[in-house]
Amino acid sequence: MREGRWSTVPFNHPATFETLAMDPEKKESIKKDLIKFTKGKDYYNKIGKAWKRGYLLYGPPGTGKSTIISAMANFLNYDVYDLELTSVRSNLELKGLMLDTKAKSIVVIEDIDCSLDLTGQRRKKKDDEEEEDDELKKKEAEMLLKREKALREDNVTLSGLLNAIDGLWSACSGEKIIVFTTNFVDNLDPALIRRGRMDNHIEMSYCRFEAFKVLAKNYLDIESHDLYGEIERLLEETDMSPADVAENLMLKSDEDNANVCLKQLVESLEEEKKKKAEKEARKKKKKAEEEEKKEKLKGTKENGKEI
Ligand SMILES: Nc1ncnc2c1ncn2[C@@H]1O[C@H](COP(=O)(O)OP(=O)(O)OP(=O)(O)O)[C@@H](O)[C@H]1O
């Protein structure tokens, strides 16, 4: 079915805040923020601002950025407009699309860094980032490919996007939320995510014990187990995404039960811990070799001077 410039499909994603694995305090504060927003008509009128709120969701793959958007939509009973920027051909078309959205809706632009040249040529590598997560590497390759395509086709520009967002706000009568998601927040253009445009920056992080408990309840319907203590410790010592934890908790055959799944999770976490330790060791070795090289070079130079 088509509605204006948008195609519509019924939204029936089952994710809710109850099933979202996240630190409970953080979850509560997001829910509070949303409730305050929905009740804010008079407040926004009073301060002379459009009734809107921008959320930036950032974090590694599989930490629940798409899931939380569904939870927000279900919580507020809002429609979701999923905007694929790379298929928008011009700034004008983008503006039209934005203005075609209804009140009580969430406009989502996922992987914002893949859509536009907002981030410089390549994601800056952090100094201590010797080796990257494989998943992150794959994501980055995809991002560069998509962005190259977008650039070649010369469609939407950063200023076009900023105009469309600001236009959306000034023209809209009812309440609207816009959400950007990204894996690489550090390299986004500050203009795009400044407060006022993206009011609430939410970091989606690796799975820790509180988040694990929600997943165990969802997937295995349990609230405690002998292995919980060990899992808590291992989750602190590793960085596993909720998506990967959830994968371990899925019952894959009739013989599977909570015990089997939790044991499998412990094994995966142990494996992750081993990989992490090996990575650290390689990093340390490389650093020591570099130091040694520097020392040698310094020695040669000093010797050279003496001669
Ligand atoms: N915080 C979470 N709570 C509950 N389930 C989660 C969470 N994070 C991930 N999952 C599970 O993992 C799957 C993938 O997660 P999701 O697509 O939301 O991650 P993402 O952060 O958007 O990933 P990407 O950056 O790759 O788009 C979900 O369908 C869900 O089943």
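Which residues are buried in helix 10 (residues 228-237)? Let us start there and then tour the rest of this predicted model.

**View 1. Helix 10, with a buried side and an exposed side.** In helix 10 (residues 228-237), the buried residues are Ile231, Leu234 and Leu235. They sit on the same side of helix 10 because they cover an arc of only 100° around the axis. Look across to the other side of helix 10, and you will find Gly229 and Glu236, which are exposed.

**View 2. Helix 4 and its buried face.** Helix 4 spans residues 91-99, and its buried residues are Leu94, Lys95 and Met98. Viewed down the axis of helix 4, these buried residues fall within an arc of 100°, so they line one face of the helix. A lysine, Lys95, is among the buried residues of helix 4.

**View 3. The whole protein chain, for orientation.** The protein chain has 307 residues, of which 28% are buried. Its secondary structure comes to twelve helices and seven strands. Of the contacts between residues at least 6 apart in sequence, 86% join residues at least 24 apart. The domain assignment gives domain 1 (2-203) and domain 2 (209-306).

**View 4. Where domain 1 touches domain 2.** Here 13 residues of domain 1 are in contact with twelve residues of domain 2. On the domain 1 side, the touching residues divide into six nonpolar, four polar and three charged.

**View 5. The shell around the ligand.** Follow the ligand outwards and you meet 15 surrounding residues, the closest being Ala21, Pro61, Gly64, Pro242 and Ala243. Two elements give two or more residues to this shell, namely helix 3 (65-76) and helix 11 (242-249). By residue type, the shell divides into eight nonpolar, six polar and one charged. Domain 1 (2-203) and domain 2 (209-306) each supply at least three of the shell residues.

**View 6. The largest nonpolar core and its member Leu215.** This core has 54 residues, and the members that touch the most others are Leu57, Ile106, Val179, Phe212 and Leu215. At least three residues of the core come from each of domain 1 (2-203) and domain 2 (209-306). Now zoom in on Leu215. Setting aside neighbours within four places in sequence, Leu215 is in contact with Ala21, Pro242, Val245, Ala246 and Leu249. You may recognise Ala21 and Pro242 from the previous view, where they were among the closest residues to the ligand.

**View 7. Asn77, a loop residue with a positive phi.** Most residues other than glycine have a negative phi. Asn77 is not a glycine, yet its phi is positive, at about 60°. You will find Asn77 in the loop between helix 3 and strand 4 (79-82). Asn77 is exposed because just 9 other C-beta atoms lie within 10 Å, and the cut-off for exposed is 12 or fewer.

**View 8. Lys104, another residue with a positive phi.** The phi of Lys104 is near 55°, a positive value in a residue other than glycine. Lys104 belongs to the loop between helix 4 (91-99) and strand 5 (105-109). With 13 other C-beta atoms within 10 Å, Lys104 is partly exposed.

**View 9. Ser115, buried in helix 5.** Ser115 lies in helix 5 (residues 112-115). Is Ser115 buried or exposed? Ser115 has 25 other C-beta atoms within 10 Å, and a residue counts as buried at 20 or more, so Ser115 is buried. From Ser115 to Pro242 the separation is 127 residues in sequence and 25 Å in space, C-alpha to C-alpha.

**View 10. Val185, in a loop after strand 6.** Val185 is found in the loop between strand 6 (176-182) and helix 8 (190-193). This valine is partly exposed, with 18 other C-beta atoms within 10 Å. Val185 and Cys114 are 71 residues apart in sequence, and their C-alpha atoms are 12 Å apart in space.

Conventions: Residues are numbered from 1 along each chain as its sequence is written. This is a predicted model: local features need pLDDT of at least 70, side-chain atom pairs count only at pLDDT 80 or more; totals for chains, interfaces and linings use all residues. Domain bounds come from an automatic or database domain assignment. Two residues are in contact if their C-beta atoms, placed from the backbone, lie within 7 Å. Ala, Val, Leu, Ile, Met, Phe, Trp, Tyr, Cys and Pro count as nonpolar, Asp, Glu, Lys and Arg as charged, and the others, Gly among them, as polar. A residue is near a molecule or strand if its C-beta atom, placed from the backbone, lies within 6 Å of it. Helices (H or I, at least four residues) and strands (E, at least two) are DSSP runs, numbered from the N terminus. The arc is that of the directions from the helix axis to the C-beta atoms. A nonpolar core is a set of buried Ala, Val, Leu, Ile, Met, Phe, Trp, Tyr and Cys residues joined through C-beta atoms within 7 Å.
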